[in-house]
Amino acid sequence: MVESRLLAALILLGFLISASESLRFELQSGHTKCIVEDMKANAMTVGKYSVVNPDEGQPMPPSHKLTVRVTSSHGNSHHYSELVESGQFAFAAVEAGDYMACFWAPDHKPQITLTIEFDWKTGVAAKDWSNVAKKGSVDLMELELKKLFDTVTSIHEEMTYLREREAEMQDLNTATNSKMAYLSLLSLFLCLSVAGLQWWHLKTFFEKKKLI
């Protein structure tokens with residue numbers, strides 16, 4: 001029974017860690033493509049990117065270079081590389097929010113298409129477990145349990161973060177609904193006031209003309 005639970009936990013762990021896999025996408029010269037990752041404060045993140053050589057076994061063409069910038073939702077730059085074939089970055093998120101990695105390929109005539117491999121990991125997936133095993137001198141089962149513990153902790157922190165975001169959205173919705181109700185009442189008051197003024201003007205006009 002214990003072994004089956006442990007096996008299920010390890011399968012869940014493998015699924016969660018493998019959720020952060022490499023992306024491969026195409027980028028035309030003169031264009032920009034951005035990838036967004038929602039991160040909580042103090043979360044560790046690592047990224048690795050490279051341009052795929054269109055002619056394997058041959059030198060990379062000089063035109064196959066790109067510029068990469070990683071910024072936070074507040075516009076703070078965490079990584080910048082200009083006209084490179086590959087690179088990597090690693091940092092801890094200072095503030096929570098959406099972090100954006102943007103790839104730009106220089107303009108080229110005729111237009112070319114770059115194939116880019118990008119691996120972006122955050123949280124538990126960004127941890128170097130091989131170094132943990134070497135430093136701690138732990139066996140395979142203990143290492144998997146450490147991964148599982150860190151994964152559960154990460155999930156708990158993520159759920160807490162999502163609850164906080166949900167509470168913020170609810171507060172925003174409540175404030176927006178209150179403002180909309182106030183504006184609706186104000187609009188109704190103005191419409192009634194205009195209607196009253198129009199009625200008074202017409203009544204006065206007809207009385208002067210002795211029509212009523």
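Which elements of the chain have the lowest and the highest mean pLDDT? In this predicted model, helix α1 (residues 2-17) has the lowest value, 44, and strand β4 the highest, 95. The secondary structure comprises 3 helices and 8 strands, and the strands discussed below fall into two open antiparallel sheets, one ordered β2-β7-β4-β5 and the other β1-β8-β3-β6. A disulfide between Cys34 and Cys102 is also present.

**Confidence**

- Averaged over the chain, pLDDT is 80, and 77% of the residues reach 70 or more.
- Over residues 1-19 pLDDT stays under 50, and the model has 13 contacts beyond four places in sequence for this stretch.
- Helix α1, which spans residues 2-17, has a mean pLDDT of 44.
- Residues 132-138 likewise have pLDDT under 50 throughout, with 7 contacts beyond four places in sequence.

**Overall organisation**

- Read from the N terminus, the elements follow the order α-β-β-β-β-β-β-β-β-α-α.
- Of the contacts in the chain with a separation of 6 or more, 72% are made by residues 24 or more positions apart.
- The chain has 212 residues, of which 24% count as buried.
- Its accessible surface amounts to about 14700 Å², and carbon and sulfur atoms contribute 60% of that area.

**Sheet β2-β7-β4-β5**

- This open sheet consists of 4 strands with antiparallel pairing, in the order β2-β7-β4-β5.
- Strands β2 (32-39) and β5 (77-84) occupy the edges with a single partner strand each, so one side of each has no neighbour in the sheet.
- From one strand to the next, the twist averages 10 degrees.
- Strand β4 (residues 66-71) is joined to β5 by 5 bridges, and the two run antiparallel.
- Within this pairing, Val68 has Ser81 of β5 as its bridge partner, and Arg69 has Tyr80 of β5.
- The hairpin of β4 and β5 has 5 residues between the strands, and Gly75 in this hairpin adopts a positive phi near 90 degrees.
- Strand β4 is also joined to β7 by 5 bridges in an antiparallel arrangement, in which Thr67 has Trp104 of β7 as its bridge partner.
- Strand β4 is mostly covered, with 5 of its 6 residues buried.

**Sheet β1-β8-β3-β6**

- This sheet is likewise open, with 4 strands in the order β1-β8-β3-β6 and antiparallel pairing.
- Its edge strands are β1 and β6 (86-92), each of which pairs on one side only.
- Neighbouring strands of this sheet are turned against each other by 20 degrees on average, direction ignored.
- Strand β1 (residues 23-28) and strand β8 (residues 113-122) run antiparallel and are joined by 6 bridges; the bridge partner of Leu27 in β8 is Leu114.
- Strand β3 (residues 44-51) pairs with β8 in the antiparallel sense over 7 bridges, and Val51 has Ile116 of β8 as its bridge partner.
- Strand β3 also pairs with β6 in the antiparallel sense over 7 bridges.
- Lys48 stands opposite Gln88 in β6.
- Strands of a sheet pair through backbone hydrogen bonds, either parallel or antiparallel.

**Disulfide and cysteines**

- The structure holds 1 disulfide, formed by Cys34 and Cys102 with their sulfur atoms 2.0 Å apart.
- The link of Cys34 and Cys102 is right-handed, with 110 degrees about the S-S bond.
- Cys34 belongs to strand β2 and Cys102 to strand β7 (residues 97-104), so the pair ties together parts that are 68 residues apart in sequence.
- Cys102 has a relative accessible area of 16% and is therefore buried, the cut-off for this class being under 20%.
- Cys34, at 37% relative accessibility, is partly exposed.
- Cys191 counts as exposed because its relative accessibility is 52%, where the class begins over 50%.

Notes. Residues are numbered from 1 along each chain as its sequence is written. This is a predicted model: local features need pLDDT of at least 70, side-chain atom pairs count only at pLDDT 80 or more; totals for chains, interfaces and linings use all residues. Side-chain values use heavy atoms; hydrogens and water are left out. Two strands pair if DSSP finds at least two bridges between them. Axes are lines fitted to C-alpha atoms, for helices over the stretch in contact, and angles run from 0 to 180 degrees between N-to-C directions. Buried means under 20% relative accessible area, exposed over 50%, partly exposed in between (1.4 Å probe, protein chains only). Contact means heavy atoms within 4.5 Å. Accessible areas come from the Shrake-Rupley method with a 1.4 Å probe; for residues, only the protein chains shown count as cover. A disulfide is a pair of cysteine sulfur atoms within 2.5 Å. pLDDT is the predictor's confidence in each residue, from 0 to 100.
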